Amino acid sequence: EGIDPAFWKPSAKAVQDFQTASLILLNGAGYAHWTRYATLPRTRIVVTADGCRDGYLHTEQSVRHQHGPEGAHAHSDLAFTTWLDLRLAVCQASHIRDAVIKRMPEAKNSVAAGFETLEQDLLDLEARLRVVGKALNGRPLLASHPVYQYFADAYGLSIQSLHLEPDQALSDDDWTAVDAMLKQGGTKWMLWEAPPLEATKAGLSQRGVTTVVFDPAGQSPASGDFLSVMKANVDRLECAVGVKSCL
């Protein structure tokens with residue numbers, strides 16, 4: 001709890017649990033760094049993002065910084081939040097469906113039906129995000145963290161990323177970096193992985209920037225699930241950019 005899954009390191013017991021599992025699902029794009037150093041049974045591994053696009057995207061920059069209790073780290077060269085392109089999320093879910101059916105053929109009908117419902121829900125959200133992309137028409141957005149590469153690529157968004165933590169006060173250097181980016185693009189919106197501090201939100205508002213929480217859903221939410229998190233993300237983004245009227 002409280003650790004970014006991309007930088008989580010399992011205990012020896014957790015590795016043993018993985019080694020005895022009948023199915024191991026990995027996101028791909030270098031997301032689970034620890035798998036480079038642990039021996040896992042290859043025949044039981046499914047890398048869900050494999051084959052879902054011609055190649056993985058790369059991060060804009062690799063900057064070492066502090067992020068939560070796991071300490072200082074640098075994001076890898078590969079962008080790993082593949083699922084923020086919701087068509088890729090559908091593709092990844094289809095690989096999970098196939099892997100589960102292969103191991104549990106008696107559950108084929110229920111698993112397939114569940115996938116069809118999920119697919120439709122995700123594609124409905126995907127269509128709404130395409131409308132958002134058209135409404136923005138290339139106008140830039142800022143982002144608190146470099147995790148929105150697949151999101152930007154899928155929906156034609158121009159996103160400039162910083163390395164800021166929502167639960168930490170912005171330093172003078174942080175505000176200087178924000179101001180420098182604002183001078184470049186004149187953006188009106190900034191995406192955050194979680195709600196920033198009120199002081200941060202107020203500082204952005206003074207600069208004419210609206211804060212928009214778009215949770216990448218790397219962690220299991222306190223309530224709901226991946227789909228409910230994505231629905232809330234899309235609702236907030238539509239309201240912020242004026243695609244729909246919100247109170």
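## Helix packing in a predicted model

Helices α2 and α3 are roughly antiparallel to each other, in what is a predicted model. Two packed helices are described by the angle between their axes and the distance between the axes. Here the axes of α2, which covers residues 86-103, and α3, which covers residues 108-136, come within 9 Å and cross at roughly 175°; since angles over 145 degrees count as roughly antiparallel, the crossing of α2 and α3 is therefore given that description.

On the α2 side, the contact is made by L86, R87, A89, V90, A93, S94, R97, V100 and I101, while α3 contributes K108, V111, A112, F115, L118, E119, L122, L123, L125, E126, L129 and R130. Sorted by class, the residues in this contact of α2 with α3 comprise 14 nonpolar, one polar and six charged.

One of the charged residues deserves a closer look. E126 lies in helix α3, and with a relative accessibility of 2% E126 counts as buried. Once its neighbours within four places in sequence are set aside, E126 is in contact with L86, R87 and Y155, and of these L86 and R87 belong to the α2 side of the helix contact.

### Helices α5 and α6

Helix α5 runs over residues 172-185, and its 14 residues, at 1.5 Å a residue, should span 20 Å; the end C-alpha atoms of α5 are 20 Å apart, which agrees with that expectation. The table sets out the two faces of α5 and of α6.

| Helix | Buried residues | Arc of buried residues | Exposed residues on the face turned away |
|---|---|---|---|
| α5 | W175, V178, M181, L182 | 125° | D172, D173, T176, K183, Q184 |
| α6 | T200, G203, L204 | 100° | E198, A199, Q206 |

In α5 the buried residues are W175, V178, M181 and L182, and because they cover an arc of only 125° around the axis, they lie on the same side of α5. Their cover includes β5 (140-143), β6 (158-161) and α6 (198-206). In α6, where T200, G203 and L204 are buried, the arc around the axis is only 100°, so these residues too are on the same side of their helix. The cover of the buried residues of α6 includes α5, together with β7 (189-192) and β8 (210-213).

Each of these helices is followed by a glycine with a positive phi: just after α5, G186 takes a value of about 65°, and just after α6, G208 takes a value of about 80°.

Note on methods
Residues numbered from 1 in each chain as written. Predicted model: local features only at pLDDT ≥ 70, side-chain atom pairs only at ≥ 80, totals over all residues. Heavy atoms only, no water. Axes fitted to C-alpha atoms, helices over the stretch in contact; angles between N-to-C directions. Helix = DSSP H or I, 4+ residues; strand = E, 2+ residues; numbered from the N terminus. Parallel < 35°, antiparallel > 145°, perpendicular 65-115°, else oblique. Contact = heavy atoms within 4.5 Å. Nonpolar A, V, L, I, M, F, W, Y, C, P; charged D, E, K, R; others polar. Expected span 1.5 Å × (residues − 1). Buried < 20%, exposed > 50% of the residue type's maximum accessible area, 1.4 Å probe, protein only. Arc of directions from axis to C-beta.
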